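Welcome! Please take a moment to look over the sequence and the fold shown here before reading on.

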Amino acid sequence: MLSEGTAIATIAVKDLEAAKKFYGDKLGLKQVESEDPGGVMYASGASKVLVYESSYAGTNQATTASWHVDDLEGTVNELKGKGITFEQYDFPGVTRDGDIHVMGNIKAAWFKDPDGNILALDGTSK
């Protein structure tokens, strides 16, 4: 039933204008539909990301959205150049290479948006 539908990441923010600067300018997502009272829709590969205002923004203590990237190290460096700070987590069995967490052949890096939503990048080790 749902396997035929397209999942859309929905991210709650407190300030839509600040979020548009972060998701549009810093992350480089492209707005794909006209902004409406429901929020702003962005394209992200074959998926979409809806950013909308909510008083509950930033209350999730887990990863809100993840992006698989082909060049994790390059993407981390590019985002750091735009002022994004990456999180450092201590997970059992996980090592770190700078801002990148290594879990076997999987690598990941986490950062937060201006409201504290946890976002992730992941890539496969070469």
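The report below walks through the sheets, the core and the main pocket.

## Before we start

Keep in mind as you read that this is a predicted model.

## An open sheet of four strands

Let's begin with an open sheet whose four strands come in the order 1-4-3-2, with mixed pairing. Strand 1 and strand 2 (30-31) lie at its edges with a single partner strand each, so one side of each has no neighbour in the sheet.

The partnership between strand 1 and strand 4 is a parallel one, held by six bridges. To find your place in this pair, look for Thr10, which stands opposite Leu50 in strand 4. As a general point, strands of a sheet pair through backbone hydrogen bonds, either parallel or antiparallel.

## A run of hairpins

Further along the chain, strand 6 (residues 95-97) and strand 7 (residues 100-103) run antiparallel and are joined by three bridges. Thr95 faces Val102 of strand 7 across this pair. Two residues sit between the strands of the hairpin, where Gly98 takes a positive phi near 70°.

Strand 7 also runs antiparallel to strand 8, again with three bridges. Here Val102 has Lys107 of strand 8 as its bridge partner, while His101 is partnered by Ala108 in strand 8. Val102 therefore serves as a handy landmark, being opposite Thr95 and also paired with Lys107. The hairpin of strand 7 and strand 8 has two residues between its strands, and Gly104 takes a positive phi near 65° there.

Next comes the pairing of strand 8 with strand 9, antiparallel and joined by seven bridges. Ala109 has Leu121 in strand 9 as its bridge partner. Five residues lie between the strands of this hairpin, in which Gly116 has a positive phi near 90°.

How many residues of strand 8 are buried? Five of its seven are, so strand 8 is largely enclosed by the rest of the structure.

## The nonpolar core

In soluble globular proteins, nonpolar side chains tend to be buried together. In this model, the largest nonpolar core holds 25 residues, and those with the most contacts inside it are Tyr23, Leu27, Phe111, Leu119 and Leu121. At least two core residues come from each of several elements, including strand 1 (8-13), strand 5 (63-68), helix 2 (72-81), strand 8 (106-112) and strand 9 (118-124). Helix 1 gives the most to this core, with four residues.

Phe111 is a good residue to zoom in on. Leaving aside residues up to four places away in sequence, Phe111 touches a set of residues that includes Phe22, Leu27, Leu79, Ile84, Phe86, Ile118, Leu119 and Leu121. Among its other contacts are Thr85, Glu87 and Asn117.

## The largest pocket

Which residues lie closest to the centre of the largest pocket? The pocket itself has a volume of about 270 Å³. Of its 14 lining residues, Leu27, Trp67, Val69, Thr75 and Leu121 are the closest to the centre. Strand 5 and helix 2 are the elements that give two or more residues to the lining, and helix 2 supplies the largest share, three residues.

The lining is a mixture: seven residues are nonpolar, four are polar and three are charged. Leu27 and Leu121 link this part of the picture to the previous one, as they are named among the residues with the most contacts inside the core and among those closest to the centre of the pocket.

Notes: Residues are numbered from 1 along each chain as its sequence is written. This is a predicted model: local features need pLDDT of at least 70, side-chain atom pairs count only at pLDDT 80 or more; totals for chains, interfaces and linings use all residues. Side-chain values use heavy atoms; hydrogens and water are left out. A nonpolar core is a set of buried Ala, Val, Leu, Ile, Met, Phe, Trp, Tyr and Cys residues joined through side-chain atoms within 4.5 Å. Buried means under 20% relative accessible area, exposed over 50%, partly exposed in between (1.4 Å probe, protein chains only). Contact means heavy atoms within 4.5 Å. On a 1 Å grid over the protein atoms alone, a cavity is a set of points where a 1.4 Å probe fits but cannot get out, and a pocket is an open set with protein on both sides within 12 Å along at least five of seven lines; lining residues have an atom within 4 Å of a point. Grid points are joined across faces, edges and corners, and a volume is the space filled by probe spheres set on the points. Ala, Val, Leu, Ile, Met, Phe, Trp, Tyr, Cys and Pro count as nonpolar, Asp, Glu, Lys and Arg as charged, and the others, Gly among them, as polar. Two strands pair if DSSP finds at least two bridges between them.
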